[in-house]
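Please walk me through this structure step by step. I am new to it and would like to know how its parts are arranged.

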Amino acid sequence: MILLREWREKRGMTQAELSRASGVPQQTISSIETEARSNPRMETLFALCGPLGCAITDLVKTDGQGERT
């Protein structure tokens, strides 16, 4: 599970603001948040981490055994 919405809202950012700050299209951000795109590219996650001030491991929730949930 990708925790993008939680991090974005915690930072008080809109999808449009995050898009401008990261260079990731707003539609991509929306797709990740609604899980329409459940397996985003690592480059995309890295781009989003900068403006959010988090590590990639903060965005990805696992079930504790290395498997994404």
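Does Ser22 count as buried or exposed? Ser22 counts as buried, because its relative accessibility is 15% and the cut-off for burial is under 20%. The model behind this value, like all the others here, is predicted.

The overall layout gives this residue its setting. The protein chain contains 5 helices and 0 strands, and along the sequence its pattern reads α-α-α-α-α. Of the 69 residues in the chain, 38% are buried. Among the contacts in the chain with a separation of 6 or more, 54% are accounted for by residues 24 or more positions apart. The chain has an accessible surface of about 4200 Å², and carbon and sulfur atoms hold 47% of that surface.

Ser22 lies in helix H2, which covers residues 15-22. Which residues touch Ser22, once its neighbours within four places in sequence are left aside? They are Ile29, Ala47, Leu48 and Pro51. The pair Ser22 and Pro51 is separated by 29 residues in sequence, while their C-alpha atoms are 6.3 Å apart in space.

Ile29 leads to helix H3, as this residue is among those of H3 that meet H2. Helix H3 spans residues 26-33, and the axes of H2 and H3 are 8 Å apart, at an angle of about 120°. The two helices are therefore oblique to each other, because the range for roughly perpendicular ends at 115 degrees and roughly antiparallel starts over 145. The crossing of H2 and H3 is right-handed. On the H2 side the contact involves Gln15, Ala16, Leu18, Ser19 and Ser22, and on the H3 side Gln26, Ile29, Ser30 and Glu33.

Ala47, Leu48 and Pro51 lead the other way, to helix H4, where they belong to the contact with H2. H4 runs over residues 42-52, and its axis is 9 Å from that of H2, with an angle of about 105° between them. H2 is therefore roughly perpendicular to H4. Here H2 contributes Leu18, Ala21 and Ser22, while H4 contributes Ala47, Leu48, Pro51 and Leu52. Leu18 and Ser22 thus appear in the contact with H4 and also in the contact with H3.

Helix H3 can now be taken on its own. Its buried residues are Thr28, Ile29, Ser31, Ile32 and Glu33. What covers these buried residues? The cover includes H2, H4 and helix H1, residues 4-10. Two of the buried residues, Ile29 and Glu33, are also among those that meet H2. After H3 comes Glu35, which has a positive phi, near 65°.

The cysteines remain. How many disulfides does the structure hold? The count is 0. Cys49 is in no disulfide, and the cysteine sulfur nearest to its own is that of Cys54, 4.0 Å away. Why is there no bond at Cys54? The closest cysteine sulfur to that of Cys54 is in Cys49, and at 4.0 Å it is too far for a bond, because a disulfide needs the two sulfur atoms within 2.5 Å. Cys49 counts as buried because its relative accessibility is 6%, and Cys54 counts as buried because its value is 11%.

How values were computed:
Residues are numbered from 1 along each chain as its sequence is written. This is a predicted model: local features need pLDDT of at least 70, side-chain atom pairs count only at pLDDT 80 or more; totals for chains, interfaces and linings use all residues. Side-chain values use heavy atoms; hydrogens and water are left out. Buried means under 20% relative accessible area, exposed over 50%, partly exposed in between (1.4 Å probe, protein chains only). Helices (H or I, at least four residues) and strands (E, at least two) are DSSP runs, numbered from the N terminus. Contact means heavy atoms within 4.5 Å. Accessible areas come from the Shrake-Rupley method with a 1.4 Å probe; for residues, only the protein chains shown count as cover. Axes are lines fitted to C-alpha atoms, for helices over the stretch in contact, and angles run from 0 to 180 degrees between N-to-C directions. Angles under 35 degrees count as roughly parallel, over 145 as roughly antiparallel, 65 to 115 as roughly perpendicular and the rest as oblique. A crossing is left-handed if the near helix is turned anticlockwise from the far one by less than a right angle, and right-handed if clockwise.
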